[in-house]
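Trainee: I'd like to learn how to read a ligand site and a few backbone oddities. Can we go through one example together?

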Amino acid sequence: MENFSLTRDELIQLTSDSFLITFNEDLNFEPTQFIMIETPTSIVRKPFGLGRWYGKLAIGVQVIGPGTKYIIEQRYLKAHGPCGKGFTPPSGKGAVIATPACLAIVFDMHRRFLCDVFIGSLEKLKIEVSFKTVLGDEEFVALLKSLKAYDWFFVVGSDQMEKVSYNLLKDKGQVFVSLNEYMACGVGACRGCAIETKHGLKHLCVDGPALRGEEVWN
Ligand SMILES: Cc1cc2nc3c(=O)[nH]c(=O)nc-3n(C[C@H](O)[C@H](O)[C@H](O)COP(=O)(O)OP(=O)(O)OC[C@H]3O[C@@H](n4cnc5c(N)ncnc54)[C@H](O)[C@@H]3O)c2cc1C
Ligand code: FES
């Protein structure tokens with residue numbers, strides 16, 4: 001666990017509210033691990049999933065409040081990490097389903113696991129990506145229903161999108177989701193990120209953020 005500074009290389013706009021930031025520094029991390037980024041808008045640092053964009057260390061940011069707005073405006077960021085437990089997929093063919101703000105995470109997973117990637121977005125992406133992208137809720141549901149012959153699925157985005165995906169995919173393969181819990185320390189010290197699972201209380205910053213969907217939902 002380290003404290004470090006990151007220097008922005010590129011800021012790439014993906015949609016009206018989602019951005020990808022690449023950094024000049026590098027960091028070793030496992031898929032789904034995250035960093036806690038300092039902002040002046042809150043006394044706690046905020047979690048952002050680690051990924052890559054064409055070899056460069058990268059994060060995706062969906063601007064939803066003052067902290068995320070601050071992050072996309074900065075040239076230098078202070079952070080600690082990598083936090084969380086890395087995700088290792090089961091054997092077999094996998095599909096990863098994500099929102100645009102998670103593009104760096106899934107770009108990295110695609111390269112590591114040779115899995116397929118599908119992006120569900122509310123609007124057309126402002127850059128070309130080599131992954132199939134569907135627009136809007138109806139197309140997203142149709143995509144999920146059409147997915148066949150996968151051994152595992154990994155879904156990362158909003159809680160609502162993950163729950164919908166879990167319900168439509170749970171009978172087709174093992175489903176893993178990256179859960180979004182409020183985090184204050186990111187290292188297992190504050191106990192702020194506890195969730196009730198079928199196997200007892202879990203602290204998402206150390207036991208997650210990726211869990212099997214069936215651990216949290218029926
Ligand atoms: C493990 C993990 C990885 C994440 N990775 C990404 C990512 O790669 N890209 C991305 O855009 N977002 C990611 N998020 C969500 C991101 O941390 C929040 O969107 C961000 O903290 C919002 O801050 P804000 O000041 O802009 O919004 P605020 O106005 O402060 O809050 C808006 C909402 O954001 C969430 N939030 C706020 N503070 C925190 C916090 N300390 N911890 C967790 N959630 C918070 C809450 O749901 C809150 O209601 C991740 C969250 C988790 C738990
Ligand atoms: S965020 Fe502090 S224990 Fe998980």
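Mentor: Let's start at the ligand. A residue counts as near a molecule if one of its heavy atoms lies within 4 Å of it. Here 20 residues surround ligand 1, and Pro47, Gly60, Gln62, Gly67 and Thr68 come nearest. Before we go on: this is a predicted model, where local features need pLDDT of at least 70, side-chain atom pairs count only at pLDDT 80 or more, and totals for chains, interfaces and linings use all residues. Residues are numbered from 1 along each chain as its sequence is written, chains are lettered from A and ligands numbered from 1 in the order in which they are written, and side-chain values use heavy atoms, with hydrogens and water left out.

Trainee: Which backbone atoms lie close to an oxygen atom of ligand 1?

Mentor: Look for polar contacts, meaning pairs of N or O atoms within 3.5 Å. A polar backbone atom of Gln62 is 2.7 Å from an oxygen atom of ligand 1, and Gly67 also offers a polar backbone atom 2.7 Å from a ligand oxygen. For Gly65, a backbone N or O atom sits 3.1 Å from an oxygen atom of the ligand.

Trainee: How much of the accessible area of ligand 1 does the protein cover?

Mentor: Accessible areas come from the Shrake-Rupley method with a 1.4 Å probe. On its own, ligand 1 has 870 Å², and the protein covers 74% of that.

Trainee: Which elements give two or more residues to the shell?

Mentor: Helices (H or I, at least four residues) and strands (E, at least two) are DSSP runs, numbered from the N terminus. The elements in question are β4 (46-49), β6 (56-62) and α1 (66-73), with the largest share, 4 residues, coming from β4.

Trainee: And what about the backbone? Where are the cis peptide bonds?

Mentor: Check omega. Gly81 and Pro82 are joined by a cis bond with omega about -10°, and Pro82 is part of strand β7 (residues 76-83). Another cis bond runs from Gly208 to Pro209, with omega near 15°; Pro209 belongs to the loop between α5 (204-207) and β15 (210-212).

Trainee: Next, phi. Is Leu114, with its positive phi, buried or exposed?

Mentor: Buried means under 20% relative accessible area, exposed over 50%, and partly exposed in between. Leu114 counts as exposed because its relative accessibility is 72%. This residue has a phi of about 55° although it is not a glycine, and it lies in the loop between α2 (103-113) and β9 (116-121). Arg191, not a glycine either, has a positive phi of about 65°.

Methods: Buried means under 20% relative accessible area, exposed over 50%, partly exposed in between (1.4 Å probe, protein chains only). A polar contact is a pair of N or O atoms within 3.5 Å; within protein, one must be able to donate a hydrogen and the other to accept it, and residues adjacent in sequence count only if both atoms are side-chain atoms.
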